[in-house]
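Got your viewer open? Here's a short tour, one selection at a time.

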Amino acid sequence: MLYQQTIAAPFSLSGVGLHSGEQVSVTVKPAPIDAGRYFIYGGAKIPADTSVVKASQLSTELRHNGTGVRTVEHLLSALFGMGVHNACIEMSSAELPILDGSALPWVEAIAQVGIETQVEGDRLVPLAETVTVAKGDSFVTAIPADTLRFTYGVEYPSKAIGEQWFSWAPTITEFSEKFATEIAPARTFTLAAFIDQARAAGLIKGGSLDNAIVCDSDRWLNPPLRFENEPCRHKLLDLIGDISLLGFLPRAHILAYKASHNLHAEFALAIAKQQVSAT
């Protein structure tokens, strides 16, 4: 059986949705063994797993029986990064709040209420063979390995970002501690040239310099950065949130380059399909 934990007590946070611009309150509550992480919104229960993930621009969306929740990746990354496998997430609106653009406020709230171990067991699931998804020169791949490692690469047409790579290999016992300090604080980012295009598409209505780092072709408009390679670390934060839809971490070296939320989701689905075939 897989190792399982939940939070020791409920907590609530509120803020504005990045894309909707709407105010939303979120309450995260403990959940029983094998409940998984799931959202309650509009009278519907939406599981945080690969069966309900949908294509969405600039965020991850989960949709079940006609009801959806959006921009779930930062909270899911925080829960998974802190070792929370079972949680009930109640929302007052369909999009989670962007907060400061990172997973850190969620991590701090989880740390404040504490974590309760429910089941002792395996913390990593063996990967039978290499899994790869790709689109153009973007890809995500998982290579079977003895230990867990993530490597992420990004490339953007700005001197402020350029090409960055970040490799991260915490031991499984220190995963949560390292996630909280080395991944969770990294904020979402964009290029100023992309903002008008995104807003014309009805996106980032709640975006501001308080919840994202923004650069032009040469420099950051709202420094300082929390890490020299903050954009690359944030992409890894997103990846962890998106592949947490599996409900487990594979024992593998997971390597991604210029990947989107959609490609992350396709990757999680490919691993899920492999696991089903292997059983």
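Start by selecting Q112, which sits in helix α2, residues 104-113. Keep in mind that you're looking at a predicted model. Is Q112 buried or exposed? Turn on the surface to check: Q112 is exposed, because its relative accessible area is 72% and anything over 50% counts as exposed. Now add S92 to your selection. The two residues, Q112 and S92, are 20 residues apart in sequence, and their C-alpha atoms lie 23 Å apart in space.

**The sheet**

Next, switch to a cartoon view and look for an open sheet of 5 strands. Trace across the sheet and you'll meet the strands in the order β2-β3-β9-β4-β5, with mixed pairing. Which strands stand at the edges? They are β2 (11-16) and β5 (44-47); each has a single partner strand, so one side of each is left without a neighbour in the sheet. Now tilt the view: from one strand to the next, the twist averages 25°.

If you're wondering what holds neighbours together, strands of a sheet pair through backbone hydrogen bonds, and they can do so parallel or antiparallel. For a case to look at, select β2 along with β3, residues 23-30. These two run antiparallel, and 6 bridges join them. Click on G15 and you'll find V24 of β3 standing opposite.

**Two helices on the sheet**

Bring in helix α1, residues 73-81. This helix packs on the sheet, where it touches β3, β4 (37-41) and β9 (87-91). Line up α1 with β4 and their directions make an angle of about 145°. Then go back to α2, which packs on the sheet too, touching β2 and β3. The direction of α2 makes about 165° with that of β2.

**Some backbone oddities**

Most residues other than glycine have a negative phi, and most peptide bonds are trans. Here are some exceptions to hunt down.

- Select T71, in the loop between β8 (67-70) and α1. Its phi is near 55°, a positive value in a residue that isn't glycine. T71 counts as buried because its relative accessibility is 6%, and the cut-off for buried is under 20%.
- Hop over to L99, in the loop between β9 and α2. L99 isn't a glycine either, yet it has a positive phi of about 55°.
- Finish at P223 and P224, which are joined by a cis peptide bond with omega about 5°. You'll find P224 in the loop between β17 (213-215) and α5 (230-243).

Terms used. Residues numbered from 1 in each chain as written. Predicted model: local features only at pLDDT ≥ 70, side-chain atom pairs only at ≥ 80, totals over all residues. Heavy atoms only, no water. Helix = DSSP H or I, 4+ residues; strand = E, 2+ residues; numbered from the N terminus. Buried < 20%, exposed > 50% of the residue type's maximum accessible area, 1.4 Å probe, protein only. Pairing = 2+ DSSP bridges. Axes fitted to C-alpha atoms, helices over the stretch in contact; angles between N-to-C directions. Contact = heavy atoms within 4.5 Å.
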